[in-house]
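Here are a few short exercises to work through with the structure open beside you. Try each task before you read its solution.

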Amino acid sequence: MNNTDIQKEWFSKGERYATEINEMVEFGEKNGWENWKGKEPEDSRANLAGQVFEMLKEANRNNDIENFRKNFPPAYTPIIPLLNAQSQSIEHLQFISDQKIVFLTGTSYEKRQAYLLDHGQITRLNENIHAIGKSKKGNIFAIARGQHISVYKDWDGELINQFELDENPDFGITEITPFNDGSKVLIVSSEGIFLISGKEKKLIHPVNEDNDDEWTSQIDMENAALSNDNSYIAVGDQGYDHRILDAEGNPIGAIGPQSSYPHFCLFSKDDSQLITNSCHFYNGITIGINSDQYTGADIEAYTESDDFTLIDEEMRVYAGVAVKDYYILGDAYGYIKAFDKNGNRLWRYFLGSTISGMTISDDEETLWVGAHSGILHQLKLEKEQRDSHTIGNGNLYEDFRLLIWKNEPQIWKW
């Protein structure tokens, strides 16, 4: 098959698949999935993926990405066979300025690599970096190298604090968030959730309340969120309800899961609401409580109540950002979806595999999303969709995606 035939087949089948998927999802959302009687659309382009990937690499070498993308709009499903030995998680996405972000490849229990993305250009950073976090306000960055955490004012700015982890060499950081003044950092790990300051390293979750000699701080599905004003911390994991803590890590409220296992939490941008997600397999339920409930919150598990707002009852949430008026959440199925504080879904947009990280520009115009596929997406919000191959109903325009794969000699742009 020559390149022209490949292009025609890729384009026509991709356009048809996207149209059919969008029609099916729209029907299911409006009429209930139990009423969908049609076949599930099938993307039958896997046989083309290898050749298209080789053509993509050639377009990269020839600096002809724009033209290539017009002829071969990107897709996820056909390239799944290429991901088996190549994919990796993209995490710790942090916005720096303009069109510049930093991120890591690899999970907390793997060898990680940090990268800087600046106007589409990638730079490999120090190989000893294994965690990067950013404050909610004030442009404070925390960088973990070995057993040290260095805290900076601005990305290339002044070193304002330094902490010792005092852990074994294999201690993996799931997430790290410095406080707005750089005085403390919140660390999420499978060995527990900690507050680290110059004077102490305090385990704030879980807590051995019964003084059990067999007790361990080991947790799964560990998750936490720091409020934007740093007054509150939300924590949770597979075995414990979400809890609300004050800035010193003292418990002040509890939120029981409405699905099986607490999995994710996030404060709204103005801190007026806290959302918590609990999951069961690939699905989940997200609820929100208002800020006047944080102190003394006591939400009973698996029980409908006027004390919370149902935000969503489908997604197992892995990553999210809060913008001025709504949330953008990424799920296990590879969708990002936007919800307002009342639980109205504003849009959905499909990227591919499980979402692993997300960050947004300060002007809320550019969104970066990482996935377990080893693909990083740069998207423009409130801009008309780029092509007829887009799966979703949101006004999002993909500038490009980067294929950051384990065994490839370089990062490929699509």
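The expected span of a helix is 1.5 Å times one less than its number of residues. Keep in mind that you are looking at a predicted model.

**Exercise 1. Check whether the length of H1 agrees with its number of residues.**

Step 1: Helix H1 covers residues 3-31, and the count to use is 29 residues.
Step 2: By the rule above, H1 should span 42 Å.
Step 3: The C-alpha atoms at the two ends of H1 are 42 Å apart, so the expected and the modelled span agree.

**Exercise 2. Describe how H1 begins, what follows it, and what its buried residues pack against.**

Step 1: At the start of H1, look at Asn 2: one of its side-chain oxygens comes to within 3.1 Å of the backbone nitrogen of Thr 4.
Step 2: Just after H1, you will find Gly 32 with a positive phi of about 95°.
Step 3: Now pick out the buried residues of H1, among them Ile 6, Trp 10, Tyr 17, Ile 21 and Val 25.
Step 4: The buried residues of H1 pack against H2, H3, E24 and E25.

**Exercise 3. Find the salt-bridge partner of Glu 29 and say where each residue of the pair lies.**

Step 1: The side chain of Glu 29 meets that of Arg 345, with N and O 3.2 Å apart.
Step 2: Glu 29 sits in H1 and Arg 345 in strand E25, so the bridge joins distant parts of the chain, 316 residues apart.
Step 3: Buried means under 20% relative accessible area. Glu 29, at 30%, is partly exposed, and Arg 345 is partly exposed too, at 31%.
Step 4: Widen the view, and both belong to a salt-bridge network that also includes Glu 314, Lys 337 and Arg 348.

**Exercise 4. Place the salt bridge of Lys 57 and Glu 54 within its helix, and decide whether each residue is buried or partly exposed.**

Step 1: The closest N and O atoms of Lys 57 and Glu 54 are 3.1 Å apart.
Step 2: Both residues lie in helix H2, three residues apart, which is about one turn.
Step 3: An α-helix has 3.6 residues a turn, so residues three or four places apart point the same way.
Step 4: Lys 57 is buried at 11%, whereas Glu 54 is partly exposed at 42%.

**Exercise 5. How many salt bridges does a search of the whole structure find?**

Solution: The search finds 19 salt bridges.

Note on methods
Residues numbered from 1 in each chain as written. Predicted model: local features only at pLDDT ≥ 70, side-chain atom pairs only at ≥ 80, totals over all residues. Heavy atoms only, no water. Salt bridge = Lys/Arg side-chain N within 4 Å of Asp/Glu carboxyl O. Helix = DSSP H or I, 4+ residues; strand = E, 2+ residues; numbered from the N terminus. Buried < 20%, exposed > 50% of the residue type's maximum accessible area, 1.4 Å probe, protein only. Contact = heavy atoms within 4.5 Å. Polar contact = N/O pair within 3.5 Å; in protein donor to acceptor, adjacent residues only side chain to side chain.
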